[in-house]
Amino acid sequence: MGKLSVNLCGIPLENPVIPASGTFGFGYEYAELYDINCLGTFSFKGTTREARFGNPTPRIAECTAGLINAVGLQNPGVEQVIARELPKLKECFHKPVMANVSGFSVEDYAYTCRLLDQQDQVGWLEVNVSCPNVHGGGMSFGTDPKAAAEVTAAVKKVTTKPVIVKLSPNVTDIVSIAKACEDAGADGISLINTMLGMRIDLRSRKPIIANTMGGFSGPAIFPVAVRMVYQVAKAVKVPVIGMGGVSSAEDVLEMMLAGATAVEVGAANLVNPYACRDIIRDLPETMARYGIENLCDIIGGVK
């Protein structure tokens, strides 16, 4: 059997498969279906300083080979996440978890990250500067190298755990933003978040999503994600987490060849709640088929 373990920012993972934030709740919901300790880790639901109800409905639109969502960072706020959600998670998940953080100001990010950094369960902070579903925050930081670096530096000042900055594909130069984050102290980069998409109802002639536009995800964006992971991994020295349309063990290997140390799975969880479990189960056989004995050996191994 091939060796599946990798090391992400100094923390070992039994395998590189990580359910992406926003598709896995706070973990305990999926623990009712299978033992989620088979995962490398997971990134829990995007958390903000204050509670958020999210965007108006409808929030979902189906697309060819994907979907558009505009949930709008609905969450109970960081203090309730710490008080209510993490204790429930601790009962069913016995590994370090990745805390996904969003904000509407540099101060918001720093405040939320400082509190989550103090939680024993949290292994990494995934700082989301790339959400396309909210106005006035998230992606507005991730489309400018200086703004992304400012958030990164502010979070690093108040935390001790690895900070992984999650970037948006809705930019013309992803490499410059990734390098700015690395220069500001980021311990890792994760990409890509959803692309910006829109659907129109032909009968009403109105946008299907109440927010007009939302985040486009699913298999259709996989080639874009692979390209951006490749570009960023060649440009930075910190680990890269690849995501975007991943739905199979073959996709995981492709992402790792492009330069990813670990791989997040997003929309596939919404189609098949057992997606990550199945990918992990399939990895050894898939590795053997392609002559891979150790996953670490193929990171950035594209010829």
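Select Phe24 and Phe42: both are buried (under 20% relative accessible area, 1.4 Å probe, protein chains only). This is a predicted model, where local features need pLDDT of at least 70 and side-chain atom pairs count only at pLDDT 80 or more. Residues are numbered from 1 along each chain, and side-chain values use heavy atoms.

Now show the rings. Phe24 and Phe42 have ring centres 5.2 Å apart and planes at 50°, so the pair is tilted (centres within 6.5 Å; planes under 30 degrees count as stacked, over 60 as edge-to-face, the rest as tilted). Phe24 sits in the loop between strand E3 (17–19) and helix H1 (28–31), and Phe42 in the loop between H1 and strand E4 (60–63). Helices (at least four residues) and strands (at least two) are DSSP runs.

Add Phe93. Its ring centre is 5.2 Å from that of Phe42, with planes at 65°, so this pair is edge-to-face. Phe93 lies in the loop between helix H2 (78–90) and strand E6 (97–101), so the pair ties together parts 51 residues apart in sequence. Phe42 has a relative accessible area of 0%; Phe93 is buried at 4%. Add Tyr30 to complete one aromatic cluster with Phe24, Phe42 and Phe93.

Next, select helix H5, residues 145–157. Its 13 residues should span 18 Å at 1.5 Å a residue (times one less than the number of residues), and the end C-alpha atoms are 18 Å apart, which agrees. Buried residues here include Ala147, Val151 and Val155. At the N-terminal end, Asp144 is the cap: a side-chain oxygen lies 3.2 Å from the backbone nitrogen of Lys146.

Finish at Ile200, in strand E11 (residues 200–201).

Note on methods
Buried means under 20% relative accessible area, exposed over 50%, partly exposed in between (1.4 Å probe, protein chains only). A polar contact is a pair of N or O atoms within 3.5 Å; within protein, one must be able to donate a hydrogen and the other to accept it, and residues adjacent in sequence count only if both atoms are side-chain atoms. Rings of Phe, Tyr and Trp (its six-membered ring) pair if their centres lie within 6.5 Å; planes under 30 degrees apart count as stacked, over 60 as edge-to-face and the rest as tilted.
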